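Please open the model in your viewer and set it to a cartoon view with side chains available on selection. The tour below goes from stop to stop, saying what to select and what is there.

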Amino acid sequence: MSSVAVTGASGYVATWLVKFLLQKGYTVKASVRNPNNAKKTQHLLALDGAKERLHLVKADLLEEGSFDSVVDGCEGVFHTASPFFNDVTDPQAELIDPAVKGTLNVLGSCAKVPSVKRIVLTSSIAAVAYNGKPLIPEAVVDETWWSSPEYCEQMQLWYVLSKTLAEDAAWKFVKEKGIEMVAINPGMVIGPLLQPTLNESSANILNLINGAETYPNSTLAWVNVKDVAHAHILAFENPSASGRYCLVENVAHFSEIVKILRELYPTYKLPEKCADDKPFAPTYQVSNEKAKSLGVEFTPFKEGIKETVESLKEKNLFKPPSGV
């Protein structure tokens, strides 16, 4: 089996991707910021096949050339590394530079290496759906949509802006260099955690079961982490894969998630009311026809929520109320 590289390998989606690649017999070169940080690498080294075929390589998104040794000799490169958090004080330094410069650094390394046949970029529905067109039940978001940087700045959607600029820069770069690339654009990712630390998207579910008084008045697109990891591999292995793929199983308001949690865990203390008195943010549609044509099979939303909660309990990130 050939060698492939995964950047930001200790992350939520990336760890599942590494797990599935190892299962399929690939040799994986995995970039991490500090290979000696056991908290960030232990869960990777514990994966089946890691001993034989996983190589951890030190690399930093903002250090030019630091991915040369990561991608060297690889046929496929999965670029998943990009910061994701909402509590931002300096959007340029914390989100935009690592996303945009980091992506161009990784692609720059790929351009030097003749073995690289295809790059799979982990983008986001964030780079697709936010262009000022109203997200209402009649709206059907698909791969032709692009988020508007002007709109993102105006609304101070800094993470959305970072993903939009990074994907746009990536397409321009690969077009100019004649490199093959496919982009995966998942919604908010839920499902089991392999890494020991809490990630931003799982925190959305944890907050609801951890005694929050209210739930956010927000509607988001959701998808299971295992489906996202599989989609990356399908995008690499399928010669006809091209362009972008929106990965969304369900678009749901937080009230809907609370309802599902109440059915699954009737004894948990769950928020009773919304964070504000405004009308609920409407739901909208995201087409997943293109993803299905690639062979992606979607895990039902309710199952993903249950997997997330069970995983949070197993990792001791959540202690159920006593007597449960």
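This is a predicted model, and the stops cover helix pairs, cavities and a pocket.

**Stop 1: helix 5 and helix 7**

Select residues 91-111, which form helix 5, and residues 158-177, which form helix 7. Their axes lie 9 Å apart, and the packing angle is about 20°. Angles under 35 degrees count as roughly parallel, so helix 5 is roughly parallel to helix 7. The crossing of this pair is right-handed.

Now show the side chains at the contact. From helix 5, the residues include Leu 95, Ile 96, Ala 99, Val 100, Leu 104 and Leu 107. From helix 7, they include Trp 158, Tyr 159, Leu 161, Leu 165, Ala 169 and Phe 173. Coloured by class, the contact of helix 5 with helix 7 has 17 nonpolar, 3 polar and 1 charged residues.

**Stop 2: the largest cavity**

Stay with helix 7. How many cavities of 30 Å³ or more does the structure hold? There are 2, and the largest has a volume of about 60 Å³.

To find the largest cavity, select His 79, Ala 81, Ser 82, Thr 103, Leu 121, Thr 122, Ser 123, Lys 163, Ala 166 and Glu 167, which line it. Thr 103 and Ala 166 were also part of the contact between helix 5 and helix 7. Which element gives the most to this lining? Helix 7 does, with 3 residues. Strand 5 (118-122) likewise supplies at least two lining residues. By class, the lining of the largest cavity divides into 3 nonpolar, 5 polar and 2 charged residues.

**Stop 3: the second largest cavity**

Select Lys 19, Gln 23, Leu 47 and Asp 48, the lining of the second largest cavity. Its volume is about 30 Å³. The lining has 1 nonpolar, 1 polar and 2 charged residues.

**Stop 4: helix 1 and helix 9**

Lys 19 and Gln 23 from the last stop fall within helix 1, residues 12-23. Add residues 225-237, helix 9, to the selection. The two axes come within 9 Å and cross at roughly 60°, which makes helix 1 oblique to helix 9. This crossing is right-handed.

On the helix 1 side, show Tyr 12, Val 13, Trp 16, Leu 17, Phe 20 and Leu 21. On the helix 9 side, show Val 225, Lys 226, Val 228, Ala 229, His 230, His 232 and Ile 233. The contact holds 10 nonpolar, 2 polar and 1 charged residues.

**Stop 5: helix 8 and helix 10**

Select residues 200-209 for helix 8 and 254-264 for helix 10. The axes are 11 Å apart and the angle is about 60°, which makes helix 8 oblique to helix 10. Here too the crossing is right-handed.

Asn 204, Ile 205, Leu 208 and Ile 209 of helix 8 meet Phe 254, Ile 257, Val 258 and Leu 261 of helix 10. This contact has 7 nonpolar and 1 polar residues, with no charged ones.

**Stop 6: the second largest pocket**

Keep Phe 254 selected, since the lining of the second largest pocket includes Phe 254. Add the other lining residues: Pro 216, Asn 217, Ser 218, Ala 275, Asp 276, Lys 278 and Pro 279. The pocket has a volume of about 160 Å³. Its lining divides into 4 nonpolar, 2 polar and 2 charged residues.

Conventions. Residues are numbered from 1 along each chain as its sequence is written. This is a predicted model: local features need pLDDT of at least 70, side-chain atom pairs count only at pLDDT 80 or more; totals for chains, interfaces and linings use all residues. Side-chain values use heavy atoms; hydrogens and water are left out. On a 1 Å grid over the protein atoms alone, a cavity is a set of points where a 1.4 Å probe fits but cannot get out, and a pocket is an open set with protein on both sides within 12 Å along at least five of seven lines; lining residues have an atom within 4 Å of a point. Grid points are joined across faces, edges and corners, and a volume is the space filled by probe spheres set on the points. Ala, Val, Leu, Ile, Met, Phe, Trp, Tyr, Cys and Pro count as nonpolar, Asp, Glu, Lys and Arg as charged, and the others, Gly among them, as polar. Axes are lines fitted to C-alpha atoms, for helices over the stretch in contact, and angles run from 0 to 180 degrees between N-to-C directions. Helices (H or I, at least four residues) and strands (E, at least two) are DSSP runs, numbered from the N terminus. Angles under 35 degrees count as roughly parallel, over 145 as roughly antiparallel, 65 to 115 as roughly perpendicular and the rest as oblique. A crossing is left-handed if the near helix is turned anticlockwise from the far one by less than a right angle, and right-handed if clockwise. Contact means heavy atoms within 4.5 Å.
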